[in-house]
Amino acid sequence: SSVTDPADFQAATAAAAAAARASSSEQDEWSVGECGFLDPEVERTMRGGSAAEDIRQYPIHGWVDVTKEFHDACTELLPGELAQDMLFGLFEAMSAIEIMDPKMDVGMGFDKQDLPPPSFEAAIATGAIKLEDLTPAELIGTFDALFSCIVSWLEGNSMDQVLFTCLYLHAPSQIKDRALRVFCTAVRNLIVVIKNIIFAAAVNEEEDFQLYGNSALLAAEKAQPATVYSALKDVEDELVRRCKKLTATEDWMAVVNRLRFMRNLFQVIYQVEQMANVDTTEDTINEIHKNLKVAMELLPLIRKTMDRGIQPEKGSEAPNPMGFSPRIHDRSQPPAFPRSIKIRDRPASYQFLEEMISRFKYACKVVKHKDYYSALNFFIEYSKKSGQCILSRSVLQSLFSSNIRMVHGKLPMKQFLRHSVQIFNSPPVLNAKHPVAADPKVQQHLENFFRYCINMNTFTQFIRICGFNRARQRDKLARLIENFDTIQVDAARLDSLMNQLANERAMEGNESMATALKHSTHFSTWVLYNCFRAMLIFLMSGFELELYAVHEFLYIYWYPYEFLIGFLVSALTRTENILLAQEEYAEHQSRLQNAGAGAAKNRKVAKPKKNKKQQRPYRGEIVYYHALLSLCGGMYKAMGALTKDGRVRLPLSQFDNEEIRYNRRFLPFATLTSPPPVSYAEFRNIREHMMEPSVEELYTYAGKHFNQARNVLESIQNPDQEMLDLLQIARTNFVVMNVLARGHQKELKRQPEFDFSKHSYFPIIKLK
């Protein structure tokens, strides 16, 4: 059955045909062949002449120059306006290819006289590449160029446009030179292993990594990663034996060092991929460390000999004069694919590899973190250091959890979370030696809670989100925070049940179990602490991503100052108090037991230690949050003073609705029951009350907050670099607030500069 064209399309087609006939000074100015129709059915109909009078067919006069009409139509549009049609909207405009733009139009890279880029077979036939008897300089240049291509691929470029521009990778089995053949085979296997790791970790986005490419090129020869290590070792040994017979060995040893570096790097990545299949994680990590150490020691030797290889030709896109065809895949890419690819130069590529190896060594430390609290801290810290390297982030995920239900390869996630809560605030119900742990009703409630945590996937996802790039983390945290609400309710229900059981056991006369269960808030505290951390990371990451306008700083800093950081300090302080109370209770029980067993025998043992150090595992973090609290308070009061002083540029009232912006910024928090959402009306009342004092007083209050932050940070022993940066920010802003409080530049209402170069979350305020 035929589908009839809509009336408006028929009318448009008829108008186009009429315009074509009217603008043509000669009949049949273009022939059908010149029109370039691709549809053979349409071309056959056109040549038959049966459609001459049918307005529903294509115009018979072919292409019409509408450049003048197009420019005339453009003059009717104001800057920023887009023309939209039923069949052409924003999506089509963004997907359109910009003709004559070298980055988009593949044809711009060619002249009419250019020959097509050679394939592997054509390059062999013309003698453009060598398959045997390569000199050391040619091998060094090719190896260095391939490392540059690997780095460019890891930076997010297409595999076809960087790696497979090397013709040697198309068919390594046909290469007769053994060193080159084994190296190219290793690169092909490395591609497969890296793709497997990144795919399994699932922390990549389309801007991070091009996971898919021309699979036919990889499928041409079957990947056998298990044999690569031994093959590279055999070639190394062969070349070392050859060097012993030569007088000048520097060039050949440079080739050996590159083969050895590839062997150790490949083995590290292959062992990471196999983490799910190993029995002893510690042995594998030790082996990875050893290979990483060797690879790191080889990099200085490789850098010294880069100039011994053949170098890229000036002005050429190829990373090496021999063996590369940069534009071989241009015609096979999708129309809207990036066309202009810049492959990293060799020094920068080796610098990238050195930094990546350092990140791998740091990632191996994750196996030492046996609980959720320390593991989450490690992931957050690693996220700040890993940058945009998708492989580094994926390796960390693989080392920690090769399976979403298993931690460190062998520990079930449910058991890991139980152990984490026990370490965090040590609930007696999780202590196997405590009598309350044997109560079947208690164990059933615990089993239901942790099974619910696993099914919700919230805690697992929090760690996984830390593996995404910084921009995507914020988007995913917004959805994660909403999931915490149901787990908060379940944790509160569990704590309530523990208190009910405490009352029941007290009525039965079992005081030890009643004391262990009474006033239990262990699970609620643990869940709330992790929720507050997610909220703080989400809110403050907006500064790092430069999402906030300056006039929004006031309520962004206000929320952590008034609520969020205070909740975090409260949760950690409550946890420390619980641990101290349990410690005192355990000492009391121990004294009673010793007294009952016979004070005469155990008198020396029963003596309490006078200066026993109490458990305060979170004291350092509490002090850190106190410093953040003072800094947020200082920025909040400083923004209030600057706004009242007329030094902050505000949006025009007709284009602004602060309530909408406020609600959008705190939208992920709206569904939570704890902490309860704060409406815009409440914020406005708090702000009005804060801004009642004079501008000079507000500057003074802000300075006091910065001074408090300075005092707290100066009290920290052995501060890290972040603490030192925060200390410099607090000192500088304290001076600036005092200067403004004394009326400096009172008549000059210029907006200060907010310099975030020292810290991502807190700026140095600079007066212009």
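I take buried to mean under 20% relative accessible area. The model I am working on is predicted.

**Entry 1: Glu576**

I looked up Glu576 and found it in helix H23. Its relative accessibility is 0%, so I count Glu576 as buried. I then listed its contacts, leaving aside neighbours within four places in sequence. Glu576 touches Arg616, Pro617, Tyr618, Arg619 and Ile622.

**Entry 2: the largest pocket**

I computed a volume of about 1100 Å³ for the largest pocket. Its lining has 41 residues, and those nearest the centre are Ile380, Glu381, Lys384, Tyr624 and Glu722. I asked which elements give two or more residues to this lining. They are helix H15 (372-386), helix H19 (458-465), helix H20 (470-508), helix H22 (522-544), helix H23 (553-598), helix H25 (619-644) and H29. H15 supplies the largest share, with eight residues. I sorted the lining by class and got 21 nonpolar, nine polar and eleven charged residues. H23, the helix that holds Glu576, is among the elements that line this pocket.

**Entry 3: H15 against H19**

I next took the pair H15 and H19. Two packed helices are described by the angle between their axes and the distance between the axes. For H15 and H19 I have an angle of about 25° and axes 9 Å apart. Angles under 35 degrees count as roughly parallel, so H15 is roughly parallel to H19. From H15, the residues in the contact are Tyr372, Ala375, Leu376 and Phe379. From H19, they are Phe459, Phe462 and Ile463. By class I count seven nonpolar residues in this contact, no polar ones and no charged ones.

**Entry 4: cavities**

How many cavities of 30 Å³ or more does the structure hold? I find five. The largest cavity has a volume of about 50 Å³. I noted its lining as Gln397, Phe400, Ser401, Met413, Thr460, Ile463 and Arg464. Helix H16 (390-400) and H19 each give at least two of these residues, and the largest share, three residues, is from H19. By class, the lining of the largest cavity has three nonpolar, three polar and one charged residues. I mark Ile463 as a residue of this lining that also takes part in the contact of H19 with H15.

**Entry 5: backbone exceptions**

I went through the backbone last. Most residues other than glycine have a negative phi, and most peptide bonds are trans.

The peptide bond from Ser674 to Pro675 is cis, and I read its omega as near -5°. Pro675 sits in the loop between helix H26 (658-665) and helix H27 (680-690).

Ala202 is not a glycine, yet its phi is positive, near 55°. I placed Ala202 in the loop between helix H9 (178-201) and helix H10 (215-219). Is Ala202 buried, partly exposed or exposed? Its relative accessible area is 37%, so I enter Ala202 as partly exposed.

Asn718 is another non-glycine residue with a positive phi, about 50°. I found Asn718 in the loop between helix H28 (695-714) and helix H29 (721-741). Its relative accessibility is 76%, so I enter Asn718 as exposed. H29, which follows this loop, is also on my list of elements that line the largest pocket.

Conventions. Residues numbered from 1 in each chain as written. Predicted model: local features only at pLDDT ≥ 70, side-chain atom pairs only at ≥ 80, totals over all residues. Heavy atoms only, no water. Helix = DSSP H or I, 4+ residues; strand = E, 2+ residues; numbered from the N terminus. Buried < 20%, exposed > 50% of the residue type's maximum accessible area, 1.4 Å probe, protein only. 1 Å grid on protein atoms, 1.4 Å probe; cavity = no way out; pocket = protein on both sides within 12 Å on 5 of 7 lines; lining within 4 Å. Points joined across faces, edges and corners; volume = space filled by probe spheres on them. Nonpolar A, V, L, I, M, F, W, Y, C, P; charged D, E, K, R; others polar. Axes fitted to C-alpha atoms, helices over the stretch in contact; angles between N-to-C directions. Parallel < 35°, antiparallel > 145°, perpendicular 65-115°, else oblique. Contact = heavy atoms within 4.5 Å.
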